[in-house]
Amino acid sequence: QVQLVESGGGSVQAGGSLRLSCAASGNIFSFNYMDWYRQAPGKQRELVARISRDGTTRYADFVTGRFTISRDIAKNTVFLQMNSLKPEDTAVYSCAAKIWTVDYWGQGTQVTVSS
């Protein structure tokens, strides 16, 4: 089965940067798309960014211009570069993949942004 493992989370001050990684146990070029989601306590899970098989990217309005999703196909890894972080970005960030008709999820990594 496909496994997704996130890393790179941590604590950072407002205005700082983090780069999250999602390592997949499979050829990500064969995936329909890969996503980054986030969920803060008491809030609904929300889509942050998506990269499709053809490289097309999509971003939530609240991160556009600050976050960038990218991939290293050879390493089967998707990244989320997060710049100009705000306290409201604090959440558990999870990667997800659509592989044919099946959804897969990582376990999540905590991002905490302090004032």
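Ser-84 lies in the loop between strand 8 and strand 9, where strands are DSSP runs of E with at least two residues, numbered from the N terminus. This is a predicted model, in which local features need pLDDT of at least 70 and side-chain atom pairs count only at pLDDT 80 or more, while totals for chains, interfaces and linings use all residues. Residues are numbered from 1 along each chain as its sequence is written, and side-chain values use heavy atoms, with hydrogens and water left out.

The phi angle of Ser-84 is near 50°, a positive value in a residue other than glycine. Ser-84 is partly exposed, because its relative accessible area is 41%; here buried means under 20% relative accessible area, exposed means over 50%, and partly exposed lies in between, as found with a 1.4 Å probe on protein chains only. A positive phi, of about 60°, also belongs to Trp-100, which is not a glycine and which sits in the loop between strand 9 and strand 10 (102-105). Trp-100 counts as exposed, because its relative accessibility is 70%.

From Ser-84 one can step across to Val-63, since the C-alpha atoms of these two residues, 21 residues apart along the chain, are separated by 9.5 Å. Val-63 is found in the loop between strand 6 and strand 7, and it is buried, because its relative accessible area is 0%. Leaving aside neighbours within four places in sequence, Val-63 is in contact (heavy atoms within 4.5 Å) with Arg-38 and Val-48.

Arg-38 leads on to the enclosed spaces of the model, as it is one of the residues that line the largest cavity. A cavity is defined on a 1 Å grid over the protein atoms alone, as a set of points where a 1.4 Å probe fits but cannot get out, and its lining residues have an atom within 4 Å of a point. Grid points are joined across faces, edges and corners, and a volume is the space filled by probe spheres set on the points. The structure holds two cavities of 30 Å³ or more, and the largest encloses about 50 Å³ of space. Its lining also includes Gln-39, Lys-43, Glu-88 and Thr-90, and the lining residues divide into two nonpolar, three polar and five charged. In this division Ala, Val, Leu, Ile, Met, Phe, Trp, Tyr, Cys and Pro count as nonpolar, Asp, Glu, Lys and Arg as charged, and the others, Gly among them, as polar.

The second largest cavity holds about 40 Å³ of space, and its lining divides into six nonpolar residues, one polar and two charged. Strand 4 (33-39) and strand 5 (46-52) each supply at least two residues of this lining, and among the other lining residues are Arg-53, Arg-71 and Val-78.

Arg-53 is found in the loop between strand 5 and strand 6 (57-59), and it counts as partly exposed because its relative accessibility is 42%. Not counting residues up to four places away in sequence, Arg-53 touches Phe-29, Ser-30, Phe-31, Asn-32, Tyr-33 and Arg-71. The C-alpha atoms of Arg-53 and Ser-30, although 23 residues apart along the chain, are separated by 7.1 Å.

Arg-71 in turn has Val-78 as its bridge partner in strand 8. Strand 7 (residues 67-72) and strand 8 (residues 77-82) run antiparallel and are joined by six bridges, where two strands pair if DSSP finds at least two bridges between them. These two strands form a hairpin with four residues between them, and Asn-76 in the turn has a positive phi of about 55°.

Another pairing involves strand 11 (residues 109-114), whose covered face carries Thr-109, Val-111 and Val-113, while Gln-110, Thr-112 and Ser-114 make up the uncovered one. Strand 2 (residues 10-13) runs parallel to strand 11 and is joined to it by four bridges, with Val-113 as the bridge partner of Val-12. Strand 9 runs antiparallel to strand 11, with three bridges between them, and here Gln-110 is the partner of Val-92.

Strand 9 also takes part in a covalent link. A disulfide is a covalent bond between the sulfur atoms of two cysteines. With a disulfide counted as a pair of cysteine sulfur atoms within 2.5 Å, the model has one, and it joins Cys-22 to Cys-95 with an S to S distance of 2.0 Å. This pair links distant parts of the chain, with Cys-22 in strand 3 (residues 18-24) and Cys-95 in strand 9 (residues 91-99), 73 residues apart. Both Cys-22 and Cys-95 are buried.

Notes
1 Å grid on protein atoms, 1.4 Å probe; cavity = no way out; pocket = protein on both sides within 12 Å on 5 of 7 lines; lining within 4 Å.
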